[in-house]
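Subject: The structure I promised you

Hi there,

Here is the structure we talked about, so you can open it and have a look. My notes are underneath.

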Amino acid sequence: MAKIEECQLQTPILENGIKSLYLINDVEVKKEDFLIPVENLAVWRGDGVFEALKIHDHYPFGIEKHIDRLQRSCKKQLFKNVDFSLIKRNILKIASQYESGYVRILILRNESDEDFTIYSFYQLPINIPENYTLESQPAPWHPGGDFEVN
């Protein structure tokens, strides 16, 4: 896991009246320090594992299933020595401070195949329109997309 310089722990930052919390590995950082280097292989080739957990009344919904899925995904992506207890602590730390919204976890490969960084942060709740649908949409530009929708 990547080492980062020690940062003094911050209390969550207020932005537009909403607390923000950003963690790199297990170190709390300010939003302006929550950066992904351009040399990161996640930037070059999307090399990473991504997870979002819905927060319900200060608790992440289905946390054990999400951790299990993260473990399976990391194995498939050949991420070794991922500290899933650290990730679970980060998820619980973030979720405990918000009534609703999402905890986002990004496990991103750094400059080498053996090195990675864990990014954890809070996302505001998403307002989904009444007419939103999960129906297939035509995507002829994408090799795996639907060409016709019934």
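Below is what turned up, going from the overall layout to the sheet, the cores and the salt bridges.

Before you start, keep in mind that this is a predicted model.

**The overall layout**

The protein chain has three helices and eight strands. If you walk along the sequence, they come in the pattern β-β-β-β-α-β-β-α-α-β-β. Of its 150 residues, 36% count as buried. The chain exposes about 10,100 Å², and carbon and sulfur atoms supply 52% of that area. As for contacts, take those between residues at least 6 apart in sequence: 58% of them join residues at least 24 apart.

**The sheet**

I'd look at the sheet next. Six strands make an open sheet, in the order E4-E3-E8-E7-E5-E6, with antiparallel pairing. Its edge strands are E4 (27-29) and E6 (59-60), each of which pairs on one side only.

Moving inwards from E4, you get to E3 (residues 22-24), which runs antiparallel to E8 and is joined to it by three bridges. Here Tyr22 has Phe121 in E8 as its bridge partner.

E8 then pairs with E7, again in the antiparallel sense, over eight bridges. One position to click on is Val103, which stands opposite Tyr122 in E8. These two strands also form a hairpin, with six residues joining E7 to E8.

On from there, E7 and E5 (residues 48-56) run antiparallel and are joined by nine bridges. Lys54 is a handy marker in this pairing: its bridge partner in E7 is Tyr102. Helix H2 packs on the sheet, where it touches E5, E6 and E7, and its direction makes about 175 degrees with that of E5.

Is E8 enclosed or open to the outside? Seven of its eight residues are buried, so E8 is largely enclosed by the rest of the structure.

**The nonpolar cores**

Which residues have the most contacts inside the largest nonpolar core? They are Val82, Ile87, Ile105 and Ile107, in a core of 24 residues. E5, H2, H3, E7 and E8 each supply at least two residues of this core, and its largest share, six residues, comes from H3.

Ile107 is a good one to centre your view on. Leaving aside residues up to four places away in sequence, Ile107 touches a long list of others, including Val49, Leu70, Cys74, Phe79, Val82, Ile87, Phe116 and Ile118. Asp47, Gly48 and Thr117 are also among the residues that Ile107 touches.

There is a second, separate core of ten residues, and Val27, Ala42, Leu106 and Phe121 are among them. You have already met Phe121 as the bridge partner of Tyr22.

**The salt bridges**

The whole structure has six salt bridges. Some of the residues involved form a network: Arg45, Asp47, Arg109 and Asp113 are linked by salt bridges.

Start with Arg45. With Asp47, Arg45 forms a salt bridge whose closest N and O atoms are 3.2 Å apart. Is Asp47 buried or exposed? Its relative accessibility is 9%, and since buried means under 20%, Asp47 counts as buried.

Arg45 also forms a salt bridge with Asp113, and there the closest N and O atoms are 2.8 Å apart. Asp113 sits in the loop between strand E7 (100-109) and strand E8 (116-123), while Arg45 is in helix H1 (residues 41-45), so this pair ties together parts that are 68 residues apart in sequence. Unlike Asp47, which is buried, Asp113 counts as partly exposed, at 44% relative accessibility.

Another pair worth finding is Glu64 and Lys88, a salt bridge with its closest N and O atoms 2.4 Å apart. This one links distant parts of the chain too: Glu64 is in helix H2 (residues 63-76) and Lys88 in helix H3 (residues 84-95), 24 residues apart. Glu64 is partly exposed, with a relative accessibility of 42%. Lys88 is partly exposed as well, with a relative accessible area of 27%.

If you'd like somewhere to begin, try Ile107 and its contacts, then go over to the network around Arg45, Asp47, Arg109 and Asp113.

Cheers

How values were computed: Residues are numbered from 1 along each chain as its sequence is written. This is a predicted model: local features need pLDDT of at least 70, side-chain atom pairs count only at pLDDT 80 or more; totals for chains, interfaces and linings use all residues. Side-chain values use heavy atoms; hydrogens and water are left out. A salt bridge is a side-chain nitrogen of Lys or Arg within 4 Å of a carboxyl oxygen of Asp or Glu. Buried means under 20% relative accessible area, exposed over 50%, partly exposed in between (1.4 Å probe, protein chains only). Helices (H or I, at least four residues) and strands (E, at least two) are DSSP runs, numbered from the N terminus. Two strands pair if DSSP finds at least two bridges between them. Contact means heavy atoms within 4.5 Å. Axes are lines fitted to C-alpha atoms, for helices over the stretch in contact, and angles run from 0 to 180 degrees between N-to-C directions. A nonpolar core is a set of buried Ala, Val, Leu, Ile, Met, Phe, Trp, Tyr and Cys residues joined through side-chain atoms within 4.5 Å. Accessible areas come from the Shrake-Rupley method with a 1.4 Å probe; for residues, only the protein chains shown count as cover.
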